[in-house]
Amino acid sequence: MTPTAPAAGRELPHPASEEIRLEGVLHALADPMRLQIVSELAAAGGVELTCSQFAVPVTKSTTTHHFRVLREAGVIRQVYRGTAKMNGLRVDDLNDRFPGLLDALIAAAARQAGSAGA
């Protein structure tokens, strides 16, 4: 994994844009909890969120695992700012690699969530 240029704060390893693989992204988003995290980040409109801002009904260690899978697949960028680990969706990188994929997956997840409540 080639580290990308650091944002502000302590940097975690992320794949470079050209190293993001379709099968890795699809694997990461195949889990409903990770898809929920990505949907919440997309709804935040580019605003980074701390891990604690997500309402995930799992243990802290499981939550950490989900965020690590998303980061290692290239779906999110994580950086420490002080003691908070901030999470942002890698929209530009994903759209450059796989145009329309992220929007389609998020829209499908929203439709599925809407039909589940019906």
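# A tour from the core outward

Start in the middle of this predicted model. Select V38, L70, V75 and L89: of the 24 residues in the largest nonpolar core, these touch the most other members. Now colour the helices that feed this core. α1 (22-29), α2 (32-43), α3 (60-73) and α5 (101-116) each supply at least two of its residues. The largest share, 5 residues, comes from α2.

Stay with V75 and show its surroundings. Leaving aside neighbours within four places in sequence, V75 is in contact with V25, A28, L29, V38, L70, G88, L89, R90 and L94. Three of the core residues picked at the start, V38, L70 and L89, appear in that list.

**Whole chain**

Zoom out and switch to cartoon. There are 5 helices and 3 strands. Follow them along the sequence and the pattern reads α-α-β-α-β-β-α-α. Of the 118 residues in the chain, 36% are buried. Take the contacts between residues at least 6 apart in sequence: 61% of them join residues at least 24 apart.

**The sheet**

Select the strands next. The 3 strands form an open sheet in the order β1-β3-β2, with antiparallel pairing. The edge strands are β1 (49-50) and β2 (76-81), and each pairs on one side only.

Go to β2 and β3 (residues 84-89). They pair in the antiparallel sense over 6 bridges. Pick R77, and G88 in β3 stands opposite. Pick Y80, and the bridge partner in β3 is K85. These two strands form a hairpin with 2 residues between them. Click on G82 in the turn: its phi is positive, about 70°.

Now cross to the other side of β3. β1 and β3 also pair in the antiparallel sense, over 2 bridges. Select T50 here; its bridge partner in β3 is M86.

**Helices on the sheet**

Show α2 together with the strands. This helix lies across β1, β2 and β3, and runs at about 80° to β3. Add α3, which packs on the sheet and touches β2 and β3. The direction of α3 makes about 115° with that of β2.

**The aromatic pair**

Which rings should you select for the aromatic pair, and how do they meet? The structure holds 1 such pair. Select F54 and F67: the ring centres are 5.3 Å apart and the planes stand at 65°, so the pair is edge-to-face. The angle is over the 60 degrees that edge-to-face requires.

Trace the backbone on either side. F54 lies in the loop between β1 and α3, while F67 belongs to helix α3, so the pair ties together parts that are 13 residues apart in sequence.

Are these two rings' residues buried or exposed? F54 is buried, with a relative accessible area of 6%. F67 is buried too, at 1%.

**Confidence**

Finish by colouring by pLDDT. The chain averages 88, and 89% of the residues score at least 70. Among the elements, α1 has the highest mean pLDDT, 97, and α5 the lowest, 88. Then select residues 2-8, where the pLDDT is below 50. Beyond near neighbours in sequence, this stretch has 17 contacts in the model.

Conventions. Residues are numbered from 1 along each chain as its sequence is written. This is a predicted model: local features need pLDDT of at least 70, side-chain atom pairs count only at pLDDT 80 or more; totals for chains, interfaces and linings use all residues. Side-chain values use heavy atoms; hydrogens and water are left out. A nonpolar core is a set of buried Ala, Val, Leu, Ile, Met, Phe, Trp, Tyr and Cys residues joined through side-chain atoms within 4.5 Å. Buried means under 20% relative accessible area, exposed over 50%, partly exposed in between (1.4 Å probe, protein chains only). Helices (H or I, at least four residues) and strands (E, at least two) are DSSP runs, numbered from the N terminus. Contact means heavy atoms within 4.5 Å. pLDDT is the predictor's confidence in each residue, from 0 to 100. Two strands pair if DSSP finds at least two bridges between them. Axes are lines fitted to C-alpha atoms, for helices over the stretch in contact, and angles run from 0 to 180 degrees between N-to-C directions. Rings of Phe, Tyr and Trp (its six-membered ring) pair if their centres lie within 6.5 Å; planes under 30 degrees apart count as stacked, over 60 as edge-to-face and the rest as tilted.
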